[in-house]
Amino acid sequence: MNIMLFHSTYGLRPAVREAADRLRAAGHEVWTPDLFEGRTFDTVEEGMAYKEEIGKDELLKRAVLAAAPYSDRGLVYAGFSLGASIAQTLALGDDKARGLLLLHGTSDIAPNAQADDLPVQLHVAEPDPFETDDWLSAWYLQMGRTGADVEVYRYAGAGHLYTDPELPDYDAEAAEATWRVALGFLDSLEAA
C-alpha cells in the first residue's frame, strides 16, 4: 500500500519515522511529510501554540501539497493525533483513497462528506482526554453516515499518544497490539 503518514502536534519526531520504518518493513511505501518544517516540540501545549500560529488552513494546504503527487496511486491516509485529523480530512476529500488509519485522533466531519465503503480503522486510548466517549460515539455515527466502513479499537489505561516510546503516555502493550491490528488492516486493503 501507499501510505501518507502525518505527524502529531509534537512534529516529525523519531517515533513517526520508526512507525514509517515498521510499515516499510511490512512491504508498504510510506511518506512522512513534515508539516511543521523541521520544528518539533516537547509538550502538547508548545505544539498546539505553533499549530495555531500556522493556522488550520495553512496546515491543510501543506498536507494537500504533500499528498498530491501520490494521490493518483490510491493512498491510505494515516496519522497520529493531529496528524490523524489531517489524514481524515484528506481521505474524505479524495475519492481515490484506499483507506484511513487513525492513531489517537479524529476530526470534525463535514455534513456533506461522502466516503462510500472507505475502510477506516481508529486506535484510541480509553479514556482519552482529547477523544471523549461522547465525541467518539458521535464521530462513529457520522462516519457511518458518510458510508465509511469503520472499526474502533480502544486501549484501557493507555495515555493519549501511547505509541510514542519517548512520551510519558507510552504503553508498550497497547502499542504492540495497535501495530499488530493496523498491519492486519493494511494487509486486508492490499488483498481487496
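## A cavity and a helix

The largest cavity here has a volume of about 70 Å³. Keep in mind that this is a predicted model. Two features are worth a visit: the cavity, and helix H5, which spans residues 133–146.

**The cavity**

- With a cut-off of 30 Å³ or more, the count comes to one cavity.
- Its lining takes in Ser8, Tyr10, Gly11, Arg13, Ala15 and Val16, along with Phe80, Leu161, Thr163, Asp164 and Leu167.
- Sorted by class, the residues lining the largest cavity are six nonpolar, three polar and two charged.

**Helix H5: length and end**

- H5 has 14 residues, and from its first C-alpha to its last it reaches 20 Å, close to the 20 Å expected at 1.5 Å a residue.
- Just after H5 comes Gly147, and its phi is positive, near 100 degrees.

**Helix H5: its two sides**

- Which residues of H5 are buried? They are Leu136, Trp139, Met143 and Thr146, each with under 20% relative accessible area.
- Viewed down the helix axis, the buried residues of H5 fall within an arc of 80 degrees, so they line one face of the helix.
- On the face turned away from that buried side, H5 carries Asp134, Leu141 and Arg145, which are exposed.

**Helix H5: its neighbours**

- The buried residues of H5 pack against one helix, H4 (82–92).
- They also pack against strands E4 (99–103), E5 (119–126) and E6 (149–156).

Note on methods
Residues numbered from 1 in each chain as written. Predicted model: local features only at pLDDT ≥ 70, side-chain atom pairs only at ≥ 80, totals over all residues. Heavy atoms only, no water. 1 Å grid on protein atoms, 1.4 Å probe; cavity = no way out; pocket = protein on both sides within 12 Å on 5 of 7 lines; lining within 4 Å. Points joined across faces, edges and corners; volume = space filled by probe spheres on them. Nonpolar A, V, L, I, M, F, W, Y, C, P; charged D, E, K, R; others polar. Helix = DSSP H or I, 4+ residues; strand = E, 2+ residues; numbered from the N terminus. Expected span 1.5 Å × (residues − 1). Buried < 20%, exposed > 50% of the residue type's maximum accessible area, 1.4 Å probe, protein only. Arc of directions from axis to C-beta. Contact = heavy atoms within 4.5 Å.
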